[in-house]
Amino acid sequence: MSQKFGLSVALTTPFDSNGDIAIGPMIKQAELSLASGCSSVTLFGTTGEGSSIGTQEREQVLNAFLGAGIAANRIIVGVMADSVEDAAAHAGSALSKGVRNILLAPPFYFKNVSDEGLFRWFSAVFARLADKARDIIVYNIPSVTMVPLSVALIGRLRSAFPGVVTGVKDSSGDWPYTEALLKEHSDLIILIGDERHLARGVRLGGQGAISGMANFLPSEVRLMAEEGKDDPRVEDFVLELLKFPVTAAVKVMVAQRSGDEIWLAVRPPLVSISGEGRNHLAGAFNALFRSKAA
């Protein structure tokens with residue numbers, strides 16, 4: 001591979017007082033992230049509450065980003081759907097607009113499913129995509145989906161769909177798993193989702209990250225994702241975020257750094273973090289990153 005993946009910001013999604021996506025602030029956050037060193041933006045991932053965003057909204061947001069001049073090859077689109085039909089429709093629409101990659105989560109309603117069942121599901125999605133199928137990053141985040149993607153399954157998908165399955169985002173937070181993934185599948189784009197393991201993973205061959213923390217610490221996370229540079233401050237702040245629902249906590253930090261409270265809103269079933277929680281996060285952040293405190 002001639003060029004590493006780098007750092008993609010797992011863009012968070014702002015909602016207005018009516019609960020609708022506030023596209024203007026979202027585009028502004030994307031542009032700020034790109035200007036701060038992120039190589040791409042990821043829409044509709046976990047941090048972006050992708051499972052709560054419908055088909056028409058996805059189209060509206062993606063079209064607005066392209067219309068604002070954000071190049072398609074700097075956009076990654078998260079797809080989180082249980083049915084093969086919906087997953088293929090969401091992925092196919094984005095791929096037809098030229099996006100860089102699809103971040104494809106496994107189906108997550110049924111639990112304790114077999115590798116064989118997951119292989120058949122991914123195969124069916126790719127069959128529906130037909131000649132559109134390309135540049136798929138499969139998404140391992142069992143803390144959310146409760147559906148882990150085994151190292152063996154990833155190997156089978158890679159072998160069966162060369163040029164289609166090109167990477168893995170590993171948000172397991174399980175270092176032995178991450179290490180095995182890097183060892184067994186060095187020919188794939190391995191992205192580390194847990195910033196506590198990011199620098200170490202990059203030094204072992206990882207190609208970067210899709211990171212929620214890049215929404216408010218792009219420069220620091222970029223050095224970890226591109227150069228494998230350790231940053232204990234970032235790793236320590238992950239522990240503070242994990243004291244709260246992480247997506248809502250990231251939005252607190254974006255609100256604090258931007259001075260715009262529109263970022264505090266989340267969609268049900270998530271709920272916003274209390275004022276006490278927001279104060280805790282602000283204090284922890286300032287203690288670790290005093291030079292960046294507003």
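Which helix gives the most to the lining of the largest pocket? In this predicted model, the answer is H11, with four residues. The pocket itself has a volume of about 910 Å³. Of the 40 residues that line this pocket, Thr-46, Ile-141, Val-144, Val-246 and Thr-247 are the closest to its centre. H11 spans 246-258, and it is joined as a supplier by helix H5 (142-145), strand E8 (208-211) and helix H10 (232-241), each of these elements giving at least two residues to the lining. Sorted by class, the lining comes out as 19 nonpolar, 16 polar and five charged residues.

Next comes the second largest pocket, with a volume of about 360 Å³. Here 17 residues make up the lining, and those nearest the centre are Gln-29, Leu-32, Asn-215, Arg-257 and Ser-258. H11 turns up again, supplying at least two residues, as do helix H1 (23-35) and helix H9 (218-227). This time, though, H1 gives the most, with five residues. The class split for this lining is seven nonpolar, six polar and four charged residues.

Thr-47 is worth a look of its own. This residue sits in the loop between strand E2 (40-43) and helix H2 (55-67). Is Thr-47 buried or exposed? Its relative accessibility is 12%, and because buried means under 20%, Thr-47 counts as buried. Setting aside neighbours within four places in sequence, Thr-47 touches a run of residues early in the chain, namely Ala-10, Leu-11, Thr-12 and Thr-13, along with Gly-212, Asn-215, Thr-247 and Val-250. Two of these partners have already come up: Thr-247 is among the residues closest to the centre of the largest pocket, while Asn-215 is among those nearest the centre of the second largest.

Strand E5 (residues 136-140) is mostly covered, with five of its five residues buried. Ile-136, Val-138 and Asn-140 point one way from the strand, Ile-137 and Tyr-139 point the other way, and both sets are buried. E5 has strand partners too. Strand E4 (residues 101-104) runs parallel to E5 and is joined to it by three bridges, with Leu-104 standing opposite Val-138. Strand E6 (residues 165-170) also runs parallel to E5, this time through five bridges, and there Asn-140 stands opposite Asp-170. Finally, E4 and E5 combine with helix H4 (residues 115-129) to make a right-handed β-α-β unit.

Definitions and conventions:
Residues numbered from 1 in each chain as written. Predicted model: local features only at pLDDT ≥ 70, side-chain atom pairs only at ≥ 80, totals over all residues. Heavy atoms only, no water. 1 Å grid on protein atoms, 1.4 Å probe; cavity = no way out; pocket = protein on both sides within 12 Å on 5 of 7 lines; lining within 4 Å. Points joined across faces, edges and corners; volume = space filled by probe spheres on them. Nonpolar A, V, L, I, M, F, W, Y, C, P; charged D, E, K, R; others polar. Buried < 20%, exposed > 50% of the residue type's maximum accessible area, 1.4 Å probe, protein only. Contact = heavy atoms within 4.5 Å. Pairing = 2+ DSSP bridges. Right-handed = clockwise from strand over helix to strand, strands pointing away.
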